[in-house]
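Reader: I would like to go through this model with you. May I begin with the cysteines?
Author: Certainly; here is the structure.
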Amino acid sequence: MSQEFEPKIMAFICKWCTSAGADLAGVSRMEYPPNVIPIQVMCSGSISPLYVFSALSQGADGVLVSGCHPGDCHYMKGNYFARRRLALVKKLLEYIGLEPERFQMSWVSATEGVKFTQIIKDLVKELKPLGPQTKLRRNP
Amino acid sequence: MVSIANLQAEVKKLLQEGKIKYFIGYEKGPGLLARPAFIRKPEDADRLTWSPGCVHNLARFIQDEKRRRLREKNPDLRPIGLMVKGCDSRAINVLLQEKYIERQDVFLLGVSCEALGVVDEAKLNRLLDSARPLKVEFGEKETVKVLTDQGEKEFPAAEVLADRCLECPANFPVVADVLLGEKIKRTVSRPYQSIAAVEKMTVEEKWQFWQEQFSRCLRCYACRSVCPMCYCDECVADSIAYAVTAETTAEEKAQRARWVKRNPEPAENIFYHLVRAIHLAGRCVDCGECERVCPVGLPLRLLNKKLEKEAKELFGYEVGFDPNLPPLISCFRDNDPQDFIR
Amino acid sequence: MKRTGVFVCHCGINIAGTVDVKKVAAELAKHPGVAHAEDYVYMCSDPGQNLIIKAIKEKNLDSVVVACCSPNLHETTFRNAAKLAGLNPYRCEIANIREQCSWVHREMSRATPKAIRITRSAVERVKRNEALEAVSVPVTKRALVIGGGIAGIQAALDLGNAGYEVVLVEKSPSIGGHMSQLSETFPTLDCSQCILTPKMVEVSKHPKIKLMAYSEVQEVSGYVGNFKVKILKKPTYVDPDKCTLCDECTKVCPVVVPNEFDTGLTGRRAIYIPFPQAIPATYTLDDKACPGMFDTAIACGKCADVCKPGAINFDMKPEIVEVDVGAIIVATGYDLYDKALMAEYGYGKYPDVLDGLQFERLLSASGPTRGRLLRPSDKKEPKEVVFIQCVGSRDPELHWPYCSKICCMYTAKHAMLYKHHVHDGQAYVFYIDIRSGGKNYEEFVHRAVEEDGVLYLRGKVSRVFENNGRLIVWGVDTLTGKQVEIAADMVVLAMAIRPSRGTEELAKKLKIALDKDGFLAEAHPKLRPVESMTSGIFLAGAAQAPKDIPEAVGQASGAAAKAIAILSQDRLFHSPTVARVLRNLCTGCAMCVNVCPYEAISLKEGKAEVNEILCEGCGTCSATCYRNAIQVKNLTPLHVQEMIIASLGG
């Protein structure tokens, strides 16, 4: 009997907004599936394309980068640079045939625990039918 | 029309007057294509030529000069002379944007691509069939003339030009100190036609296509070696050379992330090419050299062209036209698109 | 071989209820480099911390991971504990397995593996963490305040009274700002100058405050604690020490130009004192107005002829004064929106269409009509006055989207004061909403309506035009839905508040940001409202956003307190998790310089260099660098790569 596929999601979340929003989801005892492993960084602006490629290469079924809403960045403009840089990464990954659902971005503020919860739920729902991500996965 | 005699005379003068350290142009190669020529003495200027076989991006050689300067105790700081087509000149602009060179480091002899570009050797060979090409020249009215052992043949440029020339946004030098011949401008009706086929594919078709391509990669790094933008002393995608200088400590080497494994397995090859593509976004001038030199014929231009298109469409960013612009990913606009963000 | 200790907190049942903490500790004990792993019911308690301290000492641990609640809560606690045990605090990292794991999941069978991954990831990070020491620089114990309005005055006084030297720079010949032009202030109706001038005098007499009026900031370099400022001192051509304020010079000066202080309602001479209570109390020869100074380089010299003390010196030259300061407060205030852009209300066309500041001058006892309310065109008492609010504000299509905030209140004040001057007159106010949030503000508006019979009409005015010597105001009353036409004697426009002219240039010099409307941007809209994004530069008053006097004063004191927090220290300490340049790899492309929000990176000899005091460690530079040649300490690409592998592997 095969178990239902549970996607592994690597989430790069910024300390000031999304991680705080995820903390709020916790404090409010919201519930979302445990498929996401967070890595807290200082700013979404610090997410290099290499991190995204690396997560996929290490077998992530999905990658999420989440930061502050435009205008709210703790560092003023890091999220704007992330937006531009990662838009290109997304176009490139889709162009070589990676499913668009596998790399996503979101803006989640420190007050948006509900939004964070919903995004994780949606991501898991979208990634499940796709099955394991093997395209960019490195040979073990 | 660019007069080759003028070109030779110009370079001869520059060298005689000592205005440049040496000149990089083209000379007749062993086959159809010209080859890069390094002219150090005025009398050698007679070797220089200009033809549709001048495919190389000579901006690539700037890195060698830069490294030489850093190595030498008392380097000769005169500019190096460089012959630039449209794409070469745009590469110079990118290098200026990235402060890799200063404007006075190079003396540029600009040439417009007369028959609208340079040839694709493979295309021409197919058309020539058994004939052996001896010489290739610009013809009248957008044609390319080829002298072969079976006589002279003339082809419409559109049939024999390199694909990238058919999509080129500037077949004239956008920066030059001396312009040889006239500045011939033309517009391109389908600037991104080469990538249209891949763009139309379904997700799985795309993957099938690229997987097949990447699995053939030998990781010989010819694409990187020939690229005028790949001037890093150490490539993040292939950190084989952890020692960049004699002073690099073991600790520094240990601090480097090894992103890609060296073995040419598909997943590693993909990683390598993804990194190369994303690091060329907003920098690649589509000189097509990576694709031309690839021994297994990977369609590398298609990756770079895609990101060139996205940079233009998403951010209104065109590569290599303005040396004073901040590089693509080091600037933003408040209204950059974000419809892909939740 | 690394010797990392892992400490898994139960947090009562907060973690242990959903995560099998024993299993987490057991799994981590097997992880490479982990020399010790244990769990405890409350790690943050004293016994819990002692457990960590003991293990560090006994097992000779070189790094520590505490798997517990969010790092926002106890990172400091555990780093201090590590320090007590002799470990560098930056060798301690937190794995957040409560807020981001146990509290958001229900099944132990799935929450436990996730907690293990999060903790492994933290171990892989801490293994590579360097022992860091906080960086520090000395502080220049002097502040610069830019702008001598009420906000700048307050900030300068607070700083001076706290014992710090202050340089107060004001662009115009006198401090006092717009507040000195006002007649009365809401909601108390006390005389504006009466409450302002004592503060102005205090500034001029303060031993710690160096007032530089008629001066402008020209260049700013350096960073928090160590700014270098060049100030341009414009020539006044009058020696303030000799000037006795006899006023003989203005009597002979042949040149008349519009008087800025009276908002152009009166004229002044080329040599003038802005208003009698001006500080510094001296005359200024306006070289733009004096034709001799400007056009022919031969002044008529009449002023100098009559000046008995010989205070006038035509050879005075602009002077550059350099000062070192540790903190800067920007209080450059506001100007009213360009009235030329409100053609539909006939401003500029009809002399009796005024803006709010002009109306203040008409009301003022020191104003052009000496406190009698007479309209400019024929000096008659206006019997019907229409006040229009939100002129240029709250109009995203044509003008500015924001609310100018103070107009509701000052319009109520204007209407009320008008009634106090003209008892048989009628005041109308066109408004969109009345925003009277503030102490005693709501009551004040009610007083205008109930005691002074001001007629409020909810709606916008479409046009003002002249007919038979009266100003016809066409508007709509949206409450009744009816068109309204009022034949008025005077119309007063509550123009939008704009950052004062020159704010943009100054912001560039200071390298601080503007918001989308051109006001100075605060570091955080809620939590850091008086700080700019640049460390050591603070904001006060209407330059940051429209605000009334008490708010401006409050923000000024807040900014002063923030500045004092810097000036009171001998050295400034800064988090050491800042960017570092690997010089061997840097090609000097300056992309990191472009993206740094703090101007912390510069090129030196063709390589990037980080100012560790300015860097906040956001890491945007590192993601921009193609070469990974700039990296944030303890969160380098290698750290992240190992964290990714630990998070996803196995």
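Author: We shall discuss the disulfides, then the free cysteines, then the nonpolar cores of this predicted model.

Reader: How many disulfides does the structure hold over all chains?
Author: There are two disulfides. One joins Cys17(A) to Cys68(A), with S to S 2.4 Å, and another joins Cys191(C) to Cys194(C), with S to S 2.2 Å.

Reader: Which parts of chain A does the pair Cys17(A) and Cys68(A) tie together?
Author: Cys17(A) sits in the loop between β1 (9–14) and α1 (18–27), and Cys68(A) in the loop between β3 (62–67) and α3 (78–95), so the pair ties together parts that are 51 residues apart in sequence.

Reader: Is Cys17(A) buried or exposed?
Author: Cys17(A) is buried, with a relative accessible area of 8%. Cys68(A) is also buried, at 3%. In the other pair, Cys191(C) counts as partly exposed, at 27%.

Reader: Why is there no bond between Cys73(A) and Cys43(A)?
Author: The closest cysteine sulfur to that of Cys73(A) is in Cys43(A), and at 3.9 Å it is too far for a bond. A disulfide here requires sulfur atoms within 2.5 Å.

Reader: On another topic, which residues touch the most other members of the largest nonpolar core?
Author: That core has 167 residues, and Phe12(A), Val52(A), Leu93(A), Ile62(B) and Ile92(B) touch the most other members. Another core, of 85 residues, lies apart from it and includes Ile150(C) and Ala608(C).

Reader: What does Phe12(A) touch?
Author: Its contacts include Ile39(A), Tyr51(A), Val640(C) and Ile644(C).

Technical notes
Residues numbered from 1 in each chain as written. Chains lettered and ligands numbered in written order. Predicted model: local features only at pLDDT ≥ 70, side-chain atom pairs only at ≥ 80, totals over all residues. Heavy atoms only, no water. Core = buried A, V, L, I, M, F, W, Y, C linked by side-chain atoms within 4.5 Å. Buried < 20%, exposed > 50% of the residue type's maximum accessible area, 1.4 Å probe, protein only. Contact = heavy atoms within 4.5 Å. Helix = DSSP H or I, 4+ residues; strand = E, 2+ residues; numbered from the N terminus. Lists of a residue's contacts leave out its neighbours within four places in sequence.
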